[in-house]
Amino acid sequence: MKALIIGGAGFVGGYLTDELLSAGHEVHATCLENEDITEKCAVHHLDIMDKEAIGRLICEISPDVVYHLAAQSSVALSWKIPQKTAEINIVGAINVLEAVREFAEKARLIMIGSGEEYGYIAPNACPIKESEPLAPANIYAVTKAAQEMTAKVYVRAYHMDIVMVRAFNHSGPRQSIAFVISDFCRQIAAVECGLAPPEMLVGNLSAKRDFTDVRDIVRAYGLLVEKGVSGKVYNVGRGNAVSIQYILNTALAMSHSRIEVKNDPKRMRASDIPIIEPDVSEIFRDTGWKAEISVERTIEDTLNYWREVLKRS
Ligand code: A2R
């Protein structure tokens, strides 16, 4: 199968490239001009704001499947650059939809949205089913909900083959420190290497979130291409939320350094939702997928990754 990953230089894109190559697929991946990307697959420079360029690329490759991962993916940044976030995540997604419609109408398109789309959910709404109304609580979430709604319109109006995903928190080695597991692990590794004082800065520890290893996430995306139902939306996550306190304790227990935990007001969010946990029975029913890698292993691998990176620095 010929796969095109749009947004291949990102955190998930690298893992998805490896997953698809190891399954024997022909892989093409796009990145922005200024980004580094693995040479393991065919690489194409593409800005999704250039709709003619996407059309040319899809026409040239003629993919069987397109994974749309390119995004402004930071919630924090979406407050600072709302217009740009909307341009990339909504107009960019429409450019991708149009290009696939025009030049690869038979291709299966996987649109990656987010668990953030649910937004203000009541604690008793957990585990959250796909049928739960969307009430986005930030600009990023609004754009991902808009992307998904637009994709549904293309399914109905043009009978396109599109599977939509709402991915919950995912983590693993190489993730940016804007995300909590990577942030904690990097801080611990920095203390161990003598690059930082023996302190750990933390935000709200009581919130519960659903963490899945990125290697499980890309396996889910591959299975959704094979077995997902066109036009359907799937939650992708573990379905078992844990507190940030648990993540912290687990990461600290993996270190021999004595580290003092300190509250950092900058890391506190005014409206932190107490628990976010998906119901993942739909993806299990249709594809047999469930998360296999434990949260503890994700933390251990991420900590070892940062130890290696900081040792070399
Ligand atoms: O923002 P950058 O320079 O890191 O580049 C990101 C890229 N990207 C674009 N690609 C093409 N045209 C654009 N106008 C454009 N703007 C940004 O998309 C980055 O390389 C990639 C997205 O990767 P990450 O930010 O690392 O996200 P991650 O964790 O791989 O998530 C993949 C998907 C995203 O749609 C998330 O919103 C969703 O899963 O959760």
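## A tour around strand E5

Start by selecting strand E5 in this predicted model: Arg108, Ile110, Ile112 and Ser114 point to one side of E5, while Leu109, Met111 and Gly113 point to the other, and all of them are buried. Colour the strand by accessibility and you will see that 7 of the 7 residues of E5 (residues 108-114) are buried, so the strand is largely enclosed by the rest of the structure.

What lies alongside? Add strand E4 (residues 65-68) to your selection: E4 pairs with E5 in the parallel sense, over 4 bridges. To find your place along this pairing, label valine 65, which sits opposite arginine 108 of E5.

Now bring in strand E6 (residues 161-167). E6 and E5 also run parallel, joined by 7 bridges. A handy landmark here is glycine 113, whose bridge partner in E6 is arginine 166.

Next, show helix H5 (residues 139-158) together with the two strands you have just seen: E5, H5 and E6 form a right-handed β-α-β unit. Try turning the view to follow the path from E5 over the helix to E6.

For the last stop, switch to the cysteines. How many disulfides does a search of the whole structure find? The count is 0. Take cysteine 41, which is in no disulfide: the nearest cysteine sulfur belongs to cysteine 31 and is 9.0 Å away, whereas a disulfide needs the sulfur atoms within 2.5 Å. Cysteine 41 is buried, with a relative accessible area of 10%. Finish at cysteine 126, also buried, where the relative accessible area is 17%; both values fall under the 20% cut-off for buried residues.

Key:
Residues numbered from 1 in each chain as written. Predicted model: local features only at pLDDT ≥ 70, side-chain atom pairs only at ≥ 80, totals over all residues. Heavy atoms only, no water. Buried < 20%, exposed > 50% of the residue type's maximum accessible area, 1.4 Å probe, protein only. Pairing = 2+ DSSP bridges. Right-handed = clockwise from strand over helix to strand, strands pointing away.
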